[in-house]
Every structure is written in structure tokens, then in C-alpha cells.
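Colleague: Please take a close look at the part of this protein where its domains meet. I should also welcome an account of the charged pairs elsewhere in the model.

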Amino acid sequence: MGVHIEDLSFSYKGTDRLILEHLNIDVQDGEFVCLLGQSGCGKSTLLRLIAGLESPTSGELLFDGEPIHGASLERGIVFQDYGLFPWMSAGENILLGLTQKFPDVDKADLKKRVYELLEAVGLDAKIYRKLPKELSGGMKQRCAIARAFGIDSPMLLMDEPFGALDAVTRARLQDLVLSLWGKEEEKKTIFFVTHDVDEALLLSTHIYMLGQSPSHVILDERIPEEHRVTRNTQFDDKWILDLRNKLVMEMNRDIACRVE
Ligand SMILES: Nc1ncnc2c1ncn2[C@@H]1O[C@H](COP(=O)(O)OP(=O)(O)O)[C@@H](O)[C@H]1O
Ligand SMILES: [Mg+2]
């Protein structure tokens with residue numbers, strides 16, 4: 001579902017420092033959006049606003065044409081720290097999400113669905129009984145992805161979900177999220193926060209770069225279907241390489257401004 005943000009400004013309650021100012025975003029249904037920007041520029045804050053965990057100080061924030069009031073199962077969230085309850089097994093964590101979303105469905109059917117989801121994210125059935133602390137970071141994040149996709153909300157908000165993972169695990173999970181997103185007929189709208197330009201180019205159909213203090217959109221680039229790249233063709237497409245240079249330069253310019 002689409003998100004429309006117009007002239008949004010935001011300060012955390014009890015402070016007068018503007019974190020976001022005059023922010024404009026227009027995202028269509030089914031887009032894979034990456035939010036790029038330096039650490040501290042307000043990416044997580046923007047995601048919290050879209051999640052409904054914070055409200056705009058001024059301006060408009062619409063989800064599917066309606067103002068956002070509070071958190072909702074319409075918008076699933078995946079955090080960098082996985083967000084799994086440590087006292088529940090991996091399977092129970094996924095099951096909890098399903099039970100909240102589908103309270104009328106038989107528990108046994110939901111449990112079956114958990115096993116299907118584990119398989120879909122490449123985890124063995126025996127992971128069901130493991131506690132989060134017994135799993136690697138990559139496995140925990142696979143569980144969090146299974147939970148988020150299992151709830152089947154039309155929108156998914158992912159805040160640097162692979163930031164803490166090694167390069168190989170990260171590449172595998174990028175492919176996993178892309179394939180889960182691509183497989184569905186009704187594509188989810190995904191907001192994915194990263195500060196990695198290559199990750200953004202590989203995943204997204206639409207890139208927003210946020211500048212610093214207060215943060216606003218400094219670049220808004222849609223990636224046309226014919227320039228969507230894969231891991232293997234990432235450095236073959238001239239248009240993508242030009243965009244990559246532009247993004248890297250903007251990102252560095254933003255750092256340079258702050259350092260001076
Ligand atoms: N709960 C909060 N109260 C006050 N300021 C906050 C709060 N959370 C984040 N901030 C400030 O908002 C700014 C943007 O933070 P954040 O959205 O986390 O940036 P990013 O995700 O891009 O690293 C930072 O300067 C941070 O210190
Ligand atoms: Mg953040």
C-alpha cells in the first residue's frame with residue numbers, strides 16, 4: 001500500500017530540536033524502497049513515524065490514503081536486533097505473530113504454517129524448538145523475516161536488518177528477502193533502511209537519500225524495471241553505475257559538510 005508524506009517535520013516530544021524537516025515522500029503500492037543516509041540522520045525516526053510509533057509534529061503522513069494512528073498489524077517491522085522474545089523458542093516467536101494476526105484460525109493450522117515459513121526462509125524444522133540464544137545472528141534474522149512475512153501485512157518496515165551480519169550471510173538474506181517479495185502476486189510495499197549504497201541498488205525499485213540535521217530528502221531516484229540488477233550483473237549496467245557514483249558522491253558530500 002502506498003505512503004504519501006508531505007512537508008513533514010518532526011521533533012521528539014519534550015525537545016525542540018527538529019529531526020526531520022520539510023520531508024516529502026511518495027511511494028506506490030508494491031515498491032521496494034530503500035532509505036539511505038548517514039548514521040544519525042533520522043532514518044529510524046522516519047520508519048517509526050511510518051510504523052505509527054511516533055506522530056508528525058507537522059505535515060501529512062498518509063498510508064493507503066489515510067492518516068496513520070498508532071501501530072498496526074498492517075505494517076510489519078524487522079529490526080537489526082531481530083526483536084525475538086528470548087524466553088520463547090524460535091517457533092513460538094513466529095507462532096505468536098501468527099496468533100495475533102489470525103486469532104480465529106486453529107492453533108494446529110498456525111503451527112503447520114510456522115513449519116512452512118521456517119522452510120521458506122531456509123531453516124530446518126528442528127529450529128522450531130531452539131531458543132534465540134542458541135541460534136546464530138543469521139538464523140535469528142531468518143526467524144524474524146519468517147515472522148514478518150508470516151503475518152502477511154501489506155507493508156514491511158525493515159531497519160538495517162542485516163547491519164550486524166557478516167558479508168556472506170548478508171548476501172544470502174538479501175536474496176531471500178528479494179525472492180519472498182518477488183514471489184508474491186500482490187507485492188508488499190517494503191521500506192528498507194540501510195547506509196550501504198550497493199545494498200540499496202541491489203534491492204530497491206526506489207531510493208531516497210536523507211541528508212543531515214534536520215533531515216530531508218536530498219535524492220529521490222526510481223530504478224526503472226530495465227535497470228534492475230542482480231548480484232551478478234550489478235556492475236554491468238552503465239545507468240546503475242552512474243547512479244551508484246551519484247549516490248556515493250552525495251553521501252560523501254554529506255559527511256564532508258558535517259566534518260568541516
Ligand atoms: N527517543 C528519542 N528522543 C530524542 N531524540 C532521539 C530519540 N531517538 C533518536 N533521537 C535523535 O534523532 C536523531 C536521528 O536518530 P535516528 O532516527 O535513530 O537516526 P538513524 O536511524 O538515521 O541513525 C539522532 O540525533 C538521535 O539522537
Ligand atoms: Mg537507525
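Modeller: The rule finds one salt bridge across the interface of domain 1 and domain 2, where a salt bridge is a side-chain nitrogen of Lys or Arg within 4 Å of a carboxyl oxygen of Asp or Glu. The partners are lysine 188 and aspartate 152, whose closest N and O atoms are 2.9 Å apart. Between the two domains there are also two residue pairs in polar contact, both at pLDDT 80 or more. A polar contact is a pair of N or O atoms within 3.5 Å; within protein, one must be able to donate a hydrogen and the other to accept it, and residues adjacent in sequence count only if both atoms are side-chain atoms. On the side of domain 1 that touches domain 2, eight residues are nonpolar, one is polar and two are charged. Here Ala, Val, Leu, Ile, Met, Phe, Trp, Tyr, Cys and Pro count as nonpolar, Asp, Glu, Lys and Arg as charged, and the others, Gly among them, as polar.

The model is predicted: local features need pLDDT of at least 70, side-chain atom pairs count only at pLDDT 80 or more, and totals for chains, interfaces and linings use all residues. Residues are numbered from 1 along each chain as its sequence is written, chains are lettered from A and ligands numbered from 1 in the order in which they are written, and side-chain values use heavy atoms, with hydrogens and water left out.

Domain 1 comprises 1-74 + 155-171 + 184-260, and domain 2 comprises 82-152; these bounds come from an automatic or database domain assignment. The centres of domain 1 and domain 2, taken over C-alpha atoms, are 27 Å apart. Each side brings residues to the contact, 11 from domain 1 and 11 from domain 2, contact meaning heavy atoms within 4.5 Å. About 850 Å² is buried between the domains, 69% of it from carbon and sulfur atoms; buried area is the accessible area (1.4 Å probe) that two parts lose on being put together, summed over both. In domain 1, Leu73, Leu156 and Lys188 lose the most area to domain 2, together 50% of what that side buries.

Alanine 164 lies in the loop between strand 7 (155-159) and helix 5; helices (H or I, at least four residues) and strands (E, at least two) are DSSP runs, numbered from the N terminus. Leaving aside residues up to four places away in sequence, alanine 164 touches Gln80 and Tyr82. Its C-alpha atom is separated by 8.0 Å from that of aspartate 81, 83 residues away along the chain.

As for the charged pairs, the count by this rule comes to 12 salt bridges. One of them joins arginine 231 and aspartate 175 (2.9 Å, N to O). Arginine 231 lies in the loop between strand 10 (217-222) and helix 7 (238-259) and aspartate 175 in helix 5 (residues 167-183), so the pair ties together parts that are 56 residues apart in sequence. Arginine 231 is partly exposed at 33% relative accessibility, as is aspartate 175 at 37%; buried means under 20% relative accessible area, exposed over 50%, and partly exposed in between (1.4 Å probe, protein chains only).

Helix 7 holds two further pairs, taken in turn. Aspartate 242 and lysine 238 form a salt bridge, with their closest N and O atoms 2.8 Å apart, and lie four residues apart in helix 7, about one turn of the helix. Lysine 238 is exposed at 57%, whereas aspartate 242 is partly exposed at 39%. Arginine 253 meets glutamate 250 in a salt bridge (2.9 Å, N to O).
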